[in-house]
Amino acid sequence: MRTAIVVGAGIGGVTAAVALEQCGWQVTVLERAAALGEVGAGISVWPGAVAVLEELGVTGVQKVAVLGDPAGMRRPNGKWVVEATDLGLELPVMIHRARLHELITDRLGPAVTIRTGTTVTAVNQDETGATVTTQYGKLEAELVVGADGIRSILRDSRPRYAGYTAYRGIAAVDTADGGGETWGRGRRFGFAKLIDGRIYWYATLNRPAGQPAGPGGPRGDVIEAFGDWHDPIPALLAGTQEVLQNDLYDLPTPLAPFVDGRVVLLGDAAHAMTPNLGRGACSAIEDAGALARHLREAPDLDAAVSRYDAERRPVTTKLVKRSRAVGRLGQVDNGVLCTARDGLLGLAGLAASLRGKRARVEQSRT
């Protein structure tokens, strides 16, 4: 069997392991964490990623997820800027990150070995393969897949701070509100329902990189910033036990090549993006599916990884740029510019709604 080493066992890494195994490869997954699993809160899984997972035999996503609600965008006082319920948008399903990770790892077979608590310190390669060095020694394989996140040891480019931090939590609160996003001055708040009835919420706030939380920790910070916004936001914050906080980074564009000889990057290691489009993990899943497809179809390994890079780098470069642009717009802190922003978005939403209604009327007549 052909051999591969996957560095990183997050969602992208385990998806790559499943995909490579199904291509007939023997796979070793190296994870620096002491245990296998995912941390975090909710995650949106878009139809393209769901299709890749189904092709890999990862079933059950739809059974443990709930369809997102295109509720639109509001101001902090609750007034709607854009109501997106009538736009006919493509919608993701919402699922807990840990549950999605479990569904994927359940698909791993006997040709995959996972080694936790293993830190990769170096990767060297020649024309026949690569050697991965860890604290336990060296491993060799024909191919190394870097799925070790935005600070990947396999990539030289340095992350770029987006200028704002993110908070995430899950609230045990009963609400009839369908969710959506609320944009203020230099801060945003969004939420959506999970299948078990709990609410996944996220928030962003302009602040310097590395700034420590206040005396109340991340939970205190987010209550101070959003506690007086429209319902049900105060209740969501009150009903949350643990708040996660992470400064947001992305990779500079144009993105560096995803392939260097026998080393291939995917997910955040290749194209880390801010979460404004909710496409990061989905793009990692789609990377893994594309890599497997080219490994099956291309005449040799060099051709396969070259085609993978040619397919995935342009697509993800656009996503990185689009997500960065949305973040800049959403984090505007000037009151006059915020008013102009909200007015333009409202007009754009109205125009899109009218186009959607006309299209449905025309379709009903045919």
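Axes here are lines fitted to C-alpha atoms, for helices over the stretch in contact, and the angles between their N-to-C directions run from 0 to 180 degrees. With that settled, here are some close-ups of a predicted model.

**View 1. Helix α2 against helix α7.** Helix α2, residues 47-55, packs on α7 at about 40 degrees, and the two axes sit 9 Å apart. Angles under 35 degrees would count as roughly parallel, so α2 and α7 come out as oblique to each other. Their crossing is left-handed. On the α2 side, look for Gly 48, Ala 49, Val 52 and Leu 53; on the α7 side, they meet Cys 282, Ile 285, Glu 286 and Gly 289. Sorted by class, this contact has five nonpolar residues, two polar ones and one charged.

**View 2. Helix α7 again, this time with helix α8.** Here α7 (residues 280-297) packs on α8 (residues 301-330) at an angle of about 155 degrees, with 8 Å between the axes. Angles over 145 degrees count as roughly antiparallel, so that is the label for α7 and α8. The crossing of this pair is right-handed. From α7, the contact takes in Ser 283, Glu 286, Asp 287, Ala 290, Leu 291, Arg 293, His 294, Leu 295 and Glu 297. Across from them, α8 brings Leu 301, Ala 304, Arg 307, Tyr 308, Glu 311, Arg 312, Thr 316 and Leu 319. The split is seven nonpolar, three polar and seven charged residues. Glu 286 of α7 turns up in this contact and also in the one with α2.

**View 3. Helices α1 and α3 side by side.** The axes of α1 (residues 11-22) and α3 (residues 97-105) come within 9 Å and cross at roughly 15 degrees. That angle makes the two helices roughly parallel. As for handedness, the crossing of α1 and α3 is left-handed. Ile 11, Val 14, Thr 15 and Val 18 are the α1 residues in the contact, and they meet Arg 97, Leu 100, His 101, Ile 104 and Thr 105 of α3. Count them by class and you get five nonpolar, three polar and one charged.

**View 4. The second largest pocket.** This pocket has a volume of about 280 Å³. Its lining is made up of 13 residues, and those nearest the centre are Leu 154, Arg 155, Asp 156, Asp 260 and Val 263. Three strands give two or more residues each to the lining: β9 (120-126), β18 (259-260) and β19 (263-265). By class, the lining splits into nine nonpolar residues, one polar and three charged.

**View 5. A cis peptide bond at Pro 232.** Most peptide bonds are trans. The one from Asp 231 to Pro 232 is cis, though, with omega near 5 degrees. To find Pro 232, go to the loop between α4 (217-226) and α5 (233-238).

**View 6. A cis peptide bond at Pro 254.** The bond running from Thr 253 to Pro 254 is cis as well, and its omega is near 0 degrees. Pro 254 belongs to the loop between β17 (244-250) and β18. Strand β18 also appears in the pocket view, as one of the elements giving two or more residues to that lining.

Terms used: Residues are numbered from 1 along each chain as its sequence is written. This is a predicted model: local features need pLDDT of at least 70, side-chain atom pairs count only at pLDDT 80 or more; totals for chains, interfaces and linings use all residues. Side-chain values use heavy atoms; hydrogens and water are left out. Helices (H or I, at least four residues) and strands (E, at least two) are DSSP runs, numbered from the N terminus. Angles under 35 degrees count as roughly parallel, over 145 as roughly antiparallel, 65 to 115 as roughly perpendicular and the rest as oblique. A crossing is left-handed if the near helix is turned anticlockwise from the far one by less than a right angle, and right-handed if clockwise. Contact means heavy atoms within 4.5 Å. Ala, Val, Leu, Ile, Met, Phe, Trp, Tyr, Cys and Pro count as nonpolar, Asp, Glu, Lys and Arg as charged, and the others, Gly among them, as polar. On a 1 Å grid over the protein atoms alone, a cavity is a set of points where a 1.4 Å probe fits but cannot get out, and a pocket is an open set with protein on both sides within 12 Å along at least five of seven lines; lining residues have an atom within 4 Å of a point. Grid points are joined across faces, edges and corners, and a volume is the space filled by probe spheres set on the points.
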